[in-house]
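User: I am new to this structure. Please take a close look at a single part, the largest nonpolar core, and walk me through what surrounds it.

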Amino acid sequence: RRRRGQAGGRAAAQRGGAMEGVRTNRVFKQVPDFETDEAGNVVPFPHPIDNLRARQQRAREDWIAIEKLGLVRRRLTRCYREEGVNHYENCKEIAEEYFKLVQAPNYGALYTKKE
């Protein structure tokens, strides 16, 4: 019998709790990205499902770029704390990588081009 507050089984997963040893990794089919016209406006696909898939792929790519930025930021913070006064020299590469990601459009998100 479980005590109150213990997570476990299917009920915990449905409530948002994590089940031990469960990992999901989904692979999505690569779809073409939206094209733009001369004025910079997005030209939608003729089929609505293609529009939906392209929007979903853009959203996934944006989240991946934001998470990558967060990982680099945490690495940089950890390096600053560990190195102390020497962080200017020892954390330079991480700081440059972080600056490059911040300056990139959409934080360096990869979008596919229509073939």
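Analyst: Helices here are DSSP runs of at least four residues, strands are runs of at least two, and both are numbered from the N terminus. With that in hand, the chain reads α-β-β-α-α-α along the sequence. That pattern holds four helices and two strands. Keep in mind that this is a predicted model.

Some background on the whole chain comes next. The chain has 115 residues, and 19% of them are buried. Buried means under 20% relative accessible area. The chain exposes about 10,200 Å², with carbon and sulfur atoms supplying 50% of that area. Take the contacts between residues with a separation of 6 or more: 46% of them join residues 24 or more positions apart.

Now to the core itself. In soluble globular proteins, nonpolar side chains tend to be buried together. In this model, the largest nonpolar core has seven residues. They are L69, V72, L76, C79, C91, I94 and L101. Helix 2 and helix 4 each supply at least two of these core residues. The largest share, four residues, comes from helix 2. Helix 2 spans residues 48-83, and helix 4 spans residues 92-103.

Start with V72. This residue sits in helix 2. V72 is buried, with a relative accessible area of just 3%. Setting aside residues up to four places away in sequence, V72 touches I94, E97, Y98 and L101. One of these partners, L101, is 29 residues from V72 in sequence. In space, their C-alpha atoms are 9.0 Å apart.

Next comes C79, another member of the core. Beyond its neighbours within four places in sequence, C79 contacts N90, C91 and I94. The link to C91 is a disulfide, with the two sulfur atoms 1.9 Å apart. A search of the whole structure finds one disulfide. C79 lies in helix 2, while C91 lies in the loop between helix 3 (87-90) and helix 4, so the pair ties together parts that are 12 residues apart in sequence. Both cysteines, C79 and C91, are buried. The torsion about their S-S bond is about -95°, so the disulfide is left-handed.

E97 leads to a charged pair. V72 touches E97, and E97 also forms a salt bridge with R75. Their closest N and O atoms are 3.0 Å apart. E97 lies in helix 4 and R75 in helix 2, so the salt bridge ties together parts that are 22 residues apart in sequence. The structure holds one salt bridge. How covered are its two ends, E97 and R75? E97 counts as partly exposed, at 27% relative accessibility. R75 is partly exposed too, with a relative accessible area of 33%.

One more residue of helix 2 deserves a stop: N51. N51 is buried, with a relative accessible area of 14%. The side chain of N51 reaches the backbone nitrogen of F45 at 2.8 Å. Apart from neighbours within four places in sequence, N51 contacts F34, P44 and F45.

To recap, helix 2 gives the core four residues. The C79 to C91 disulfide links helix 2 to the loop between helix 3 and helix 4. The E97 to R75 salt bridge links helix 4 to helix 2.

Note on methods
Residues are numbered from 1 along each chain as its sequence is written. This is a predicted model: local features need pLDDT of at least 70, side-chain atom pairs count only at pLDDT 80 or more; totals for chains, interfaces and linings use all residues. Side-chain values use heavy atoms; hydrogens and water are left out. Buried means under 20% relative accessible area, exposed over 50%, partly exposed in between (1.4 Å probe, protein chains only). Contact means heavy atoms within 4.5 Å. Accessible areas come from the Shrake-Rupley method with a 1.4 Å probe; for residues, only the protein chains shown count as cover. A salt bridge is a side-chain nitrogen of Lys or Arg within 4 Å of a carboxyl oxygen of Asp or Glu. A nonpolar core is a set of buried Ala, Val, Leu, Ile, Met, Phe, Trp, Tyr and Cys residues joined through side-chain atoms within 4.5 Å. A disulfide is a pair of cysteine sulfur atoms within 2.5 Å. A polar contact is a pair of N or O atoms within 3.5 Å; within protein, one must be able to donate a hydrogen and the other to accept it, and residues adjacent in sequence count only if both atoms are side-chain atoms.
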